[in-house]
Amino acid sequence: TNYCFILPFFEDWFTEKGFVPVRFISPNLGEAVRFNPLYGNTDPTAAMVIYGLTLVAALCTALGLFTRLSTVVLLLGITALHHRTSDILHSGDTMMRVFALYLALAPCGLTLSLDRWMQVKSGKAKPVPEVSLWPQRLMEIQVAIVYFTTVWHKWQGTAWRDGTATWFTAQLKEFDRFPVPAFMESRPMVAMTTWGTLIVEIALATLVFWRPARNWVILAGVLLHLGIEYQMNIPLFAFIMIASYASFIEGEEWPGIFEKARGWWRGLRRRKATQHA
């Protein structure tokens with residue numbers, strides 16, 4: 001979805017006619033060498049080929065088709081494009097790249113995939129696939145580290161500690177999206193949203209691992225990011241972070257979640273049918 005959004009602006013971001021010609025790109029970040037096969041390449045065809053392969057790999061990964069190969073190609077493609085033009089990135093993009101690494105390490109195609117379906121059809125599939133939980137554990141630890149370091153860095157300044165930070169972020173007019181009621185900029189509301197953000201983020205780094213509190217913490221995180229999505233134009237950031245919360249849910253819990261969702265949907269349809277009758 002991300003690269004489909006960017007596709008109409010491909011020339012602006014990934015070619016010499018755009019905002020960032022290759023002469024402005026550094027091959028290194030400090031002392032760390034970056035994976036950048038497009039460094040020094042002024043031919044737009046090379047960037048388009050990598051872009052196209054990344055799109056195909058993303059689709060195959062979503063469908064669970066040739067999963068091992070597609071996840072590795074997806075990781076390499078995302079990394080190459082990110083290092084080609086890092087100026088268009090935000091924290092959600094960084095999370096997407098890190099999670100692509102975990103997907104490449106994970107046995108993604110073992111269940112709920114076209115790979116699994118083809119194995120079942122050919123009679124080669126195991127009745128109960130053996131799935132390692134380590135990639136999922138890595139993902140949830142990564143999410144917790146992200147929120148912990150976020151709170152840590154915010155606390156080093158004064159605006160988050162004195163309860164004024166969200167007022168300053170609301171003044172970044174280039175991120176304006178939908179209108180927010182005027183009372184949200186009052187001193188009490190600014191303090192509430194500032195400290196409330198810190199509380200939710202530290203809970204997502206700690207309390208989310210305590211099962212009695214986990215669902216409430218995840219709900220608070222969802223509401224936090226939906227609020228950011230409403231107010232600020234940061235493409236896909238909120239949805240990437242919300243999707244990462246799935247790593248905190250154990251495999252045996254998903255059937256119950258799906259069953260509750262089906263029950264809710266059936267009840268909604270019955271109520272609609274009764275109203276029309």
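Reader: What pattern does the protein chain follow when it is read along the sequence?
Author: In this predicted model, the order of elements is α-α-β-β-α-α-α-α-α-α-α-α-α-α. The chain thus holds 12 helices and two strands, where helices (H or I, at least four residues) and strands (E, at least two) are DSSP runs numbered from the N terminus. Residues are numbered from 1 along each chain as its sequence is written. Local features need pLDDT of at least 70 and side-chain atom pairs count only at pLDDT 80 or more, while totals for chains, interfaces and linings use all residues; side-chain values use heavy atoms, without hydrogens and water.

Reader: Where does A62 lie, and why is A62 called buried or exposed?
Author: A62 belongs to helix α3, which covers residues 44–63. A62 counts as exposed because its relative accessibility is 65%, and the term requires over 50% (buried is under 20%, partly exposed in between; 1.4 Å probe, protein chains only). In the protein chain, buried residues make up 35% of the 277 residues. The C-alpha atom of A62 is separated by 9.9 Å from that of G109, 47 residues apart along the chain.

Reader: What share of the contacts in the protein chain with a separation of 6 or more joins residues 24 or more positions apart?
Author: Such pairs account for 66% of those contacts, a contact being heavy atoms within 4.5 Å. Along its principal axes, the C-alpha trace spans about 60 × 60 × 45 Å.

Reader: What makes an empty space a cavity or a pocket?
Author: On a 1 Å grid over the protein atoms alone, a cavity is a set of points where a 1.4 Å probe fits but cannot get out, whereas a pocket is an open set with protein on both sides within 12 Å along at least five of seven lines; a lining residue has an atom within 4 Å of a point. A search of the whole structure finds one cavity of 30 Å³ or more. The largest cavity has a volume of about 50 Å³, and its lining includes F14, L38, D43, P44 and R84.

Reader: Which residues lie nearest the centre of the largest pocket?
Author: They are T61, L103, C108, M139 and A246, out of 43 lining residues. Elements giving two or more residues to this lining include α3, α4 (67–84), α5 (91–105) and α7 (134–156). Helix α3 gives the largest share, six residues. The volume of this pocket is about 1,800 Å³.

Methods
Grid points are joined across faces, edges and corners, and a volume is the space filled by probe spheres set on the points.
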